[in-house]
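Open the model in your viewer and keep the selection tool at hand. We will go stop by stop.

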Amino acid sequence: MYMNGYCLMTNDVENTSINGGLHDEIGMKVWKEAMPRLLDLYQQYNVRATFYFVADFARQYPQIVKMIQPYGHEVACHGFTHDYSQAFDVMDINMQIKHLSLAKNILEDISGTEVISFRAPALRVNAHTVMALEQTGFRTDSSVAPQRIDMFMSLGSRNKMQWLGAPRRIYFVDQQNLARSGSSGIVEFPVSGFGFPYIGTIMRLSPFINRLTRNFLWLENNNKMKKPVNFLIHPSEFVKEDEEQMSVKRRQTNPLLHYFSDVLRVQLKKKNLGEDAFPLFENELRFWQKRNFEFSTVKEIYKKL
């Protein structure tokens, strides 16, 4: 069958609440409830996907890594921790290398496979990240969301302003900037979108906006190797959180402004969280399958390039 293009279903696997807090209970539900059903759904639609694992979470529940491998999915890295105090945009080069090396070793020991793909927690990176990725043996990144206009509602928004000028295709990145093309050895697989990102949050928050974005991406796709569709989803979005887990605490710096932003973000992210997210996500899989897009992994497309 002729394939019109490639569709990447990329999954950030973590125990992070929608308010940014880390909870073991959410991690357990991701492992026991969300992941088995998600893997069944992927099998039903013949999807090979990329799973970006937070390494300290994977070390706590190694079975969550091993359970994806019989299906041919890719084991990828989502950093060592999702603790925002250790985000990549606040770490120097030496700390980034330390975190990446530790995370890579943990995931490779669990999976028994080489891990070459990376996505930063909350898509937060800085000028040191490219060099850190090169020095620790990574080959691909997926931490850039070109032309995304909702960045002001996300953490690390100041650095994310660079996304407005980022290429929309697969590209080799600049030595000091993941959002610009250049001559480094790292290949960027940008998260798809146009104005609004093509991600699970928008899918749940506004199926209408998500449908418009998805249709634009379909019409835009005219080269299946250089511009695959890249959808970002969290298995934790299929988990129902309780109100205590979703409560927001004020930050110490600029408390009123940041608190208002955090509360608004959490209230928006509550919509269609848990069981209600599954039929919405199945619509995405069905859409691309009907249009003869091949579901592939980042590593597979990198090797074809």
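Before the stops, one definition: axes are lines fitted to C-alpha atoms, for helices over the stretch in contact, and angles run from 0 to 180 degrees between N-to-C directions. Keep in mind that this is a predicted model.

**The whole chain**

Show the protein chain as a cartoon. Eleven helices and twelve strands make it up. Now colour by burial. Of its 305 residues, 55% count as buried. Contacts can be sorted by sequence distance too. Among those in the protein chain with a separation of 6 or more, 72% join residues 24 or more positions apart.

**Stop 1: α8 and α10**

Select residues 207–220 for helix α8. Add residues 277–290 for helix α10. How do the two run relative to each other, roughly parallel or roughly antiparallel? Their axes cross at roughly 15° and come within 12 Å. Angles under 35 degrees count as roughly parallel, so α8 and α10 are roughly parallel to each other. The crossing of α8 past α10 is right-handed.

Show side chains at the contact. From α8, pick Pro207, Asn210, Arg214, Asn215, Leu217 and Trp218. From α10, pick Leu280, Asn283, Glu284, Phe287 and Trp288. By class, this contact of α8 with α10 has six nonpolar, three polar and two charged residues.

**Stop 2: α1 and α10**

Keep α10 on screen. Add helix α1, residues 24–44. Here the axes are 11 Å apart, and the packing angle is about 25°. α1 and α10 are therefore roughly parallel to each other as well. Their crossing is right-handed.

Turn to the side chains again. α1 contributes Ala34, Arg37, Leu38, Leu41, Tyr42 and Gln44 to the contact. α10 contributes Phe278, Phe281, Glu282 and Leu285. Seven residues of the contact of α1 with α10 are nonpolar, one is polar and two are charged.

**Stop 3: Asn46**

Move on to asparagine 46. Asn46 sits in the loop between α1 and β2, the strand at 50–53. Check its backbone: phi is positive, at about 55°, although Asn46 is not a glycine. Is Asn46 buried or exposed? Its relative accessible area is 60%, so Asn46 is exposed.

**Stop 4: Asn292**

Next, go to asparagine 292. Asn292 lies in the loop between α10 and β12, with β12 at 293–296. Phi of Asn292 is near 60°, a positive value in a residue other than glycine. With a relative accessible area of 26%, Asn292 counts as partly exposed.

**Stop 5: Asn221**

Select asparagine 221. Its place is in the loop between α8 and β11, the strand at 229–233. Asn221 is buried, because its relative accessible area is 12%. What does Asn221 touch, leaving out residues up to four places away in sequence? The partners are Asn4, Gly5, Lys227, Pro228, Val229 and Phe293. Now place a distance between the C-alpha atoms of Asn221 and arginine 169. The gap is 9.9 Å in space and 52 residues in sequence.

**Stop 6: two cysteines**

Finish with cysteine 7 and cysteine 77. Cys7 has 0% relative accessibility and therefore counts as buried. Cys77 is buried too, with a relative accessible area of 0%. How many disulfides does the structure hold? Zero.

How values were computed
Residues are numbered from 1 along each chain as its sequence is written. This is a predicted model: local features need pLDDT of at least 70, side-chain atom pairs count only at pLDDT 80 or more; totals for chains, interfaces and linings use all residues. Side-chain values use heavy atoms; hydrogens and water are left out. A disulfide is a pair of cysteine sulfur atoms within 2.5 Å. Buried means under 20% relative accessible area, exposed over 50%, partly exposed in between (1.4 Å probe, protein chains only). Helices (H or I, at least four residues) and strands (E, at least two) are DSSP runs, numbered from the N terminus. Angles under 35 degrees count as roughly parallel, over 145 as roughly antiparallel, 65 to 115 as roughly perpendicular and the rest as oblique. A crossing is left-handed if the near helix is turned anticlockwise from the far one by less than a right angle, and right-handed if clockwise. Contact means heavy atoms within 4.5 Å. Ala, Val, Leu, Ile, Met, Phe, Trp, Tyr, Cys and Pro count as nonpolar, Asp, Glu, Lys and Arg as charged, and the others, Gly among them, as polar.
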